Amino acid sequence: MAGTRTFTMIKPDAVSAGNSGAIIKMIEEAGFKIIAMKKTAMSKETAGKFYAVHAERPFYNDLTTYMSSGSIIPMILEKDNAVEDFRKLIGATNPKEAEEGTIRALFAESIEANAIHG
Ligand code: GDP
């Protein structure tokens with residue numbers, strides 16, 4: 001079985017802090033296969049479309065400014081039970097609530113600049 005796929009992005013805070021290598025290592029060690037990956041950046045407009053679901057939230061403008069502030073590394077990952085297992089690997093949205101040893105507990109700067117997209 002090929003497993004299931006999930007989409008992620010290493011966010012600008014983690015890329016600029018030089019944490020992308022450590023994060024990719026954790027992803028691979030957790031058993032995810034990287035199907036596709038590139039280093040790129042989003043315009044504010046693209047970030048706005050990507051987070052359209054949050055358009056009514058008070059943090060939408062800050063979030064789209066932040067997500068277009070620097071390089072990102074989007075990836076397509078594959079693993080059995082990929083979506084659920086990836087959530088466990090990255091931890092809660094707010095790093096203060098993220099379980100010890102998760103990517104966000106280790107690398108997130110704040111609830112907004114939280115290292116990785118799930
Ligand atoms: P995720 O699925 O864990 O990434 O969380 P959500 O889909 O709920 O939110 C998307 C992204 O919006 C999060 O990863 C954060 O970067 C940001 N975000 C979520 N909640 C807040 C908040 O209360 N304040 C701010 N500034 N950003 C937030």
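**View 1. R57, partly exposed at 42% relative accessibility.** The scale used here calls a residue buried under 20% relative accessible area, exposed over 50% and partly exposed in between (1.4 Å probe, protein chains only). This is a predicted model, so local features need pLDDT of at least 70 and side-chain atom pairs pLDDT 80 or more, while totals for chains, interfaces and linings use all residues. Residues are numbered from 1 along each chain as its sequence is written, and side-chain values use heavy atoms, with hydrogens and water left out. R57 belongs to the loop that runs between α3 and α4; helices (DSSP H or I, at least four residues) and strands (E, at least two) are numbered from the N terminus. Zoom out to find N19: R57 and N19 are 38 residues apart in sequence, and their C-alphas are 28 Å apart in space.

**View 2. T64 and K49, one on each of two helices.** T64 is part of helix α4, residues 60-67, while K49 is part of helix α3, residues 44-50. Buried or exposed, where does each one fall? T64 is buried, at a relative accessible area of 2%, and K49 is exposed, at 60%. The pair is separated by 15 residues in sequence and by 9.1 Å from C-alpha to C-alpha. Look also for K44, whose side chain makes a 3.0 Å polar contact with the side chain of T64. A polar contact is a pair of N or O atoms within 3.5 Å; within protein, one must be able to donate a hydrogen and the other to accept it, and sequence neighbours count only through side-chain atoms on both sides.

**View 3. A98, a buried loop residue.** Follow the chain out of α5 (82-90) towards α6 (103-107), and A98 turns up in the loop between them. A98 has a relative accessible area of 12%, so it counts as buried. How far is A98 from E56? Count 42 residues along the sequence, or 25 Å through space from C-alpha to C-alpha.

**View 4. N81 and A115, two residues with positive phi that aren't glycine.** For N81, phi is near 55°. N81 sits in the loop that links β3 (73-79) to α5, and it is partly exposed at 40% relative accessible area. For A115, phi is near 75°. A115 comes in the segment after α6 and is buried, with a relative accessibility of 0%. S20 is worth picking out here too: A115 and S20 are 95 residues apart in sequence, yet their C-alphas are 8.9 Å apart in space.

**View 5. The ligand and the residues around it.** Which residues make up the surroundings of the ligand? Going up in number, they are K11, Y51, H54, F59, L63, R87, T93, R104, I111, E112, N114 and G118, where "around" means having a heavy atom within 4 Å. This shell is an even mix, with four nonpolar, four polar and four charged residues; Gly is counted as polar, Tyr and Cys as nonpolar.

**View 6. Ligand oxygens next to H54, E112 and N114.** An N or O atom in the H54 side chain is 3.2 Å from a ligand oxygen. In the side chain of N114, an N or O atom is 2.9 Å from an oxygen of the ligand. E112 takes part through its backbone, where an N or O atom lies 2.8 Å from a ligand oxygen. Taken on its own, the ligand has 550 Å² of accessible area, and the protein covers 78% of that (Shrake-Rupley method, 1.4 Å probe).
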